[in-house]
Each structure stands twice: as structure tokens, then as C-alpha cells.
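Let's take a friendly walk through a protein together. Keep the picture open beside you as you read, and look up each part when it is named.

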Amino acid sequence: MTDTSGTRTGGGTGGTRTVFLLAHTGRPAAIRSAELVVQGLLRAGLGVRVLAFEAADLPLPPDVETVPEATPEVLDGCELLIVLGGDGTLLRGAEFARASGVPMLGVNLGRVGFLAEAERDDLDKVVDRVVTRSYEVEERMTIDVVVRTNGDVVHRDWALNEAAVQKVSAERMLEVVLEIDGRPVTGFGCDGIVCATPTGSTAYAFSAGGPVVWPEVEALLMVPISAHALFAKPLVTSVTSVLAVEVQPGTPHGVLWCDGRRMVELPPAARVEVRRGAVPVRLARLHHASFTNRLVAKFALPVSGWRGAPR
């Protein structure tokens with residue numbers, strides 16, 4: 001889904017447009033990139049806001065605003081969240097973007113960076129597009145996750161990429177039964193199950209052998225990890241489906257990871273339910289490059305010899 005009306009305008013002090021900057025300050029490349037972005041935005045008259053603990057590692061001028069705590073409210077009045085880093089930093093930024101509703105513009109400083117819209121060589125373009133508001137906002141579907149024990153809800157979470165039920169003990173498999181829309185599908189021992197969005201199809205689900213799903217496709221994925229079974233294929237369901245993973249009573253306890261960032265332990269007989277999320281993540285887009293081109297570029301796929309459709 002694309003919002004072609006442009007961006008939301010920030011309401012910084014005195015009517016100044018304000019951009020929030022989030023960076024992986026543990027990387028020298030991120031520190032230098034952050035410095036260049038901040039300088040460009042300030043020269044154009046935009047305000048810049050950063051987290052105080054990150055500001056301590058960045059060579060920033062005194063007119064950059066700092067905020068002490070990493071809460072969704074720190075983006076109040078900001079029109080955009082710029083994130084500099086790899087996939088982990090981009091997923092951290094997605095937590096802010098979802099909670100605040102502020103669009104996220106990712107600049108990839110890592111290896112793959114499917115969530116990123118630009119690379120480190122594009123910093124001048126990023127600043128120019130932000131200053132001139134030359135970007136569009138796209139909504140990406142999330143998933144809502146509920147953990148039940150004895151029928152009671154014991155944990156709620158969400159994910160942009162995936163919710164992964166995994167084993168803890170290296171020597172024993174996790175015994176699970178999979179359910180879709182209230183009906184059992186199959187059960188087996190495995191290392192885990194990944195329930196993913198189309199956005200997450202190029203992340204953990206991809207590594208587990210799942211299909212690549214174009215972002216505009218509305219679907220949910222269920223991908224087994226190292227299953228000990230004849231029928232353990234990746235499943236793609238309707239976006240209206242409810243997926244469930246039941247950890248069997250006799251199995252060792254497992255864990256639930258959401259986007260590889262938030263973890264909760266799963267006792268035996270726990271039930272994990274996954275459905276379409278109520279709140280999307282908004283991503284700022286600088287250009288209309290197709291996902292096909294992005295896929296080829298990110299994975300350096302061999303396409304030499306392609307001639308295209310006959311004219």
C-alpha cells in the first residue's frame with residue numbers, strides 16, 4: 001500500500017521540520033554517515049533529534065536536540081525517522097516507527113538490508129530527498145503474536161519480519177503441532193518454526209528454505225526449521241488466516257523470538273498464535289524500483305544473457 005500524498009510534516013519548535021536520526025554508533029561507517037546526514041539537514045534548516053547515549057559517540061554540533069530515553073514519544077513532532085545501520089539497527093528503528101506512526105527511511109550500512117531504501121553512497125541523495133519531501137510512504141504488514149498457556153494469554157508481541165518458535169536444547173528436538181484456521185495440519189520434531197510476513201520472507205524464513213514473497217502480496221508464511229518429517233514444506237496462507245504452533249507437553253521448553261530482538265521462554269504445552277498485525281510499519285521510499293530489481297541487486301543474482309520479452 002502506497003501513500004502518494006507525500007509525507008507528514010513535523011512540528012518541531014517554532015515550526016521547524018524535525019528529523020529523528022538513529023544510528024549504529026558501534027560502526028565507524030555509521031558515525032561518519034551520521035555526521036554527513038546531520039550536517040546536510042542542518043544546512044537546509046531542518047532540526048535533528050538523536051538519542052543521548054548515541055549522541056555521546058557522534059561528532060554532533062550543539063544545536064542537535066538530544067532525548068534521554070528510547071521511548072516512542074521521542075519521535076513526537078518528527079516527520080521522519082532516518083536509520084543508519086544493518087538489518088538489526090533497521091529492525092530497532094522499525095520498533096520506533098510502528099509505535100509512533102512516523103515513516104522510517106533506512107540507509108544500509110550492513111550486508112543485505114532489504115528494509116533499507118538507500119546505501120551509504122546515496123547519503124547526498126537521501127538528504128536532498130528529505131529536504132525537498134521527495135519521497136512516498138509505503139505501509140508494510142506486521143504480525144501480532146499471542147502466547148497462551150492453559151488457555152490464558154501470558155505474552156503479547158508483534159513482528160515486522162517473523163515470529164520464530166525455536167528449541168533451546170541442542171540435543172533434543174522441539175515437538176510441535178501446526179494449526180491453520182483452527183484445524184491441525186501436521187506435527188513433527190524440528191529445530192523450530194518461522195511464521196513470517198512477506199517482508200520477512202527474505203530474512204529468517206528465507207534462510208530456513210521458505211519462498212520469497214513480493215511485499216505487495218498479502219499472505220502469511222509458516223516455514224519449518226530442520227524438521228524430522230516427510231511432510232514439512234513451507235506453507236503460504238491467506239492474510240486473514242490464523243497460524244498456531246503448539247509445543248507438545250512432553251518436549252523440552254522452547255523460546256519465541258520476534259524479529260530476532262525480543263525473546264520469551266515457552267514452557268511445554270505453550271501455544272503461539274500468529275495473525276495479521278493491527279498496526280503496520282511505514283517505510284519511506286525514494287524511488288519506484290521494483291522488488292525484482294531489489295532482489296537481484298541484494299543477492300547479486302546472475303542475470304547475464306537475459307534478452308527480455310519480444311517486442
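How do the residues of the lining of the largest cavity divide into nonpolar, polar and charged? Before we answer, keep in mind that what you see is a predicted model.

Let's start with the cavity itself. The structure holds one cavity of 30 Å³ or more, and the largest cavity has about 70 Å³ of space in it. You can find its walls by looking for F114, L115, R140, P198, T199, T202, P215, R285, F291 and R294, which line it. Now for the answer: this lining is made up of five nonpolar, two polar and three charged residues. Try sorting the names yourself; R140, R285 and R294 are among the residues of the lining, and arginine counts as charged.

Next, turn to the pockets. The second largest pocket has a volume of about 420 Å³. It is lined by 18 residues, and the closest to its centre are D87, V112, N161, T202 and A203. You have met T202 already, in the lining of the largest cavity. Which helices each supply at least two residues of this pocket's lining? They are α3, which spans residues 87-100, and α5, which spans 204-207. Helix α3 gives the most, with three residues. Sorted by class, the lining of the second largest pocket has seven nonpolar, seven polar and four charged residues.

Now let's look at the strands. One open sheet is formed by six strands in the order β10-β9-β20-β17-β12-β13, with antiparallel pairing. Its edge strands are β10 (152-159) and β13 (183-190), and each of them pairs on one side only. From one strand to the next, the twist averages 20°. To see one pairing in detail, look at β17 (residues 243-247) and β20 (residues 271-276), which are joined in the antiparallel sense over four bridges. Within this pairing, E246 has R271 of β20 as its bridge partner.

A second group of six strands also forms an open sheet, in the order β16-β15-β14-β11-β18-β19, and its pairing is antiparallel. Here the edge strands are β16 and β19 (262-266), each pairing on one side only. Neighbouring strands of this sheet are turned by 15° against each other on average, with direction ignored. Strands β15 and β16 run antiparallel and are joined by four bridges.

Let's pause at one residue of β15, namely L220. Its bridge partner in β16 is T237. Is L220 buried or exposed? L220 is buried, because its relative accessible area is 0% and buried means under 20%. L220 also lets you compare the chain with the fold: L220 and E171 are 49 residues apart in sequence and 30 Å apart in space, from C-alpha to C-alpha.

From the strands, we can move on to the loops that link them. Most residues other than glycine have a negative phi. With that in mind, look at D181, which is not a glycine and yet has a positive phi of about 55°. You will find D181 in the loop between β12 (174-180) and β13. With a relative accessible area of 46%, D181 is partly exposed. Another such residue is S226, where phi is near 50°, a positive value in a residue other than glycine. S226 sits in the loop between β15 (219-225) and β16 (235-238). Its relative accessible area is 52%, so S226 counts as exposed, since the cut-off for that word is over 50%.

Our last stop is the cysteines. A disulfide is a covalent bond between the sulfur atoms of two cysteines. How many disulfides does the count come to? The count is zero, when a pair of sulfur atoms has to lie within 2.5 Å to be included. Take C190: the nearest cysteine sulfur is that of C195, 11 Å away, and C190 is in no disulfide. C190 is buried, with a relative accessible area of 0%. Then there is C258, which is in no disulfide either; here the nearest cysteine sulfur, again that of C195, is 9.9 Å away. C258 counts as buried, because its relative accessibility is 0%.

Methods
Residues are numbered from 1 along each chain as its sequence is written. This is a predicted model: local features need pLDDT of at least 70, side-chain atom pairs count only at pLDDT 80 or more; totals for chains, interfaces and linings use all residues. Side-chain values use heavy atoms; hydrogens and water are left out. Two strands pair if DSSP finds at least two bridges between them. Axes are lines fitted to C-alpha atoms, for helices over the stretch in contact, and angles run from 0 to 180 degrees between N-to-C directions. On a 1 Å grid over the protein atoms alone, a cavity is a set of points where a 1.4 Å probe fits but cannot get out, and a pocket is an open set with protein on both sides within 12 Å along at least five of seven lines; lining residues have an atom within 4 Å of a point. Grid points are joined across faces, edges and corners, and a volume is the space filled by probe spheres set on the points. Buried means under 20% relative accessible area, exposed over 50%, partly exposed in between (1.4 Å probe, protein chains only).
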